[in-house]
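This briefing introduces one protein model. It takes up the packing of nonpolar residues and then two points in the backbone.

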Amino acid sequence: MSVHTRSSEPTAAATQEAETAGAAQEAQAALATWHTARQAAVTGPVGNLALVETRWLAPGVNAAEERAGITVPDGVTLTTVRRTNLHTGEPEEALRFWDADAPAIRHFSHIASYPFHPDWVIEATFTPVSTDRRVPFEHIRDSGGSRELVVPGDIHATLDGVDYTLSAFDDDGTLLLVFGDPTNGGDTYGAGRFLFVPREDDSETVVLDFNRAFVPPCGFSAQYNCPLPPRQNRLHLPVEAGEKLPVFRDGYTVN
């Protein structure tokens, strides 16, 4: 009579399942670290919550010279910013005042977020263009006006069986995707969310990890002028991943 014993070696399926579980745990841990860093960034002395004033200067006034003549109290940081006037096409400059003890920081609790979901890590294809193509993006405080931003290529992605060609603009060398979806105005920030898209120069594959979608600076301070999602970046399905909204105590609202 032969005796059959169960092998102590794991099956291929069991090994793959363990590897998948391990990868998911690593991804969740990395996301937790990212959330902690985000919380620290938005509450910092020049974080999104600290911006209390953007003071646009008269045409021809040099912001650096103006800044040199202003004394600010302890805890306040003064910086400059520059943009193009939509009507004249001329550059205009502003002073920005950041307060480390701003009311928004004092009332801030946390950023509400969806739990990690591996299905929202999407592989896509990036197709670069040969020139510095500019695409118009409407901005939240421009009363319907648009500003042209450099979009160095197209991101081709398939979500729920629908093919998209997305426009991510160049943000100091990193692709920044401004997207909208049906959660906006309910669970998530009404004007859409942002997502950084890492890209290697020698690869056409990019990863859209919507678990790291984040609330734009405008969700933390009304002193920002954020780009809005163009039509091609408005997704048809709810993206139930990433950050939802900042949460404040004592009834505080962003202003």
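**Nonpolar cores**

In this predicted model, the largest nonpolar core holds 30 residues, and L49, F108, F169 and F220 touch the most other members. Two or more residues of this core come from each of α1 (12-42), α3 (103-107), β4 (108-113), β6 (134-138) and β10 (174-179). The largest share, three residues, is given by α1.

- Nonpolar side chains tend to be buried together in soluble globular proteins.
- Beyond its neighbours within four places in sequence, L49 is in contact with V42, T43, A102, A104, I105, F108, F220 and F248.
- Another core lies apart from the largest one and has 23 residues, including I122, I155, Y164 and L175.

**Backbone points with positive phi**

- Most residues other than glycine have a negative phi.
- D160 is not a glycine, yet its phi is positive, at about 55°.
- D160 sits in the loop that runs between β8 (153-159) and β9 (162-171).
- D160 has a relative accessible area of 60%, and because exposed means over 50%, D160 counts as exposed.
- D250 also is not a glycine and has a positive phi, of about 60°.
- D250 belongs to the segment after β13 (243-248).
- With a relative accessible area of 72%, D250 is exposed.

How values were computed. Residues are numbered from 1 along each chain as its sequence is written. This is a predicted model: local features need pLDDT of at least 70, side-chain atom pairs count only at pLDDT 80 or more; totals for chains, interfaces and linings use all residues. Side-chain values use heavy atoms; hydrogens and water are left out. Helices (H or I, at least four residues) and strands (E, at least two) are DSSP runs, numbered from the N terminus. Buried means under 20% relative accessible area, exposed over 50%, partly exposed in between (1.4 Å probe, protein chains only). A nonpolar core is a set of buried Ala, Val, Leu, Ile, Met, Phe, Trp, Tyr and Cys residues joined through side-chain atoms within 4.5 Å. Contact means heavy atoms within 4.5 Å.
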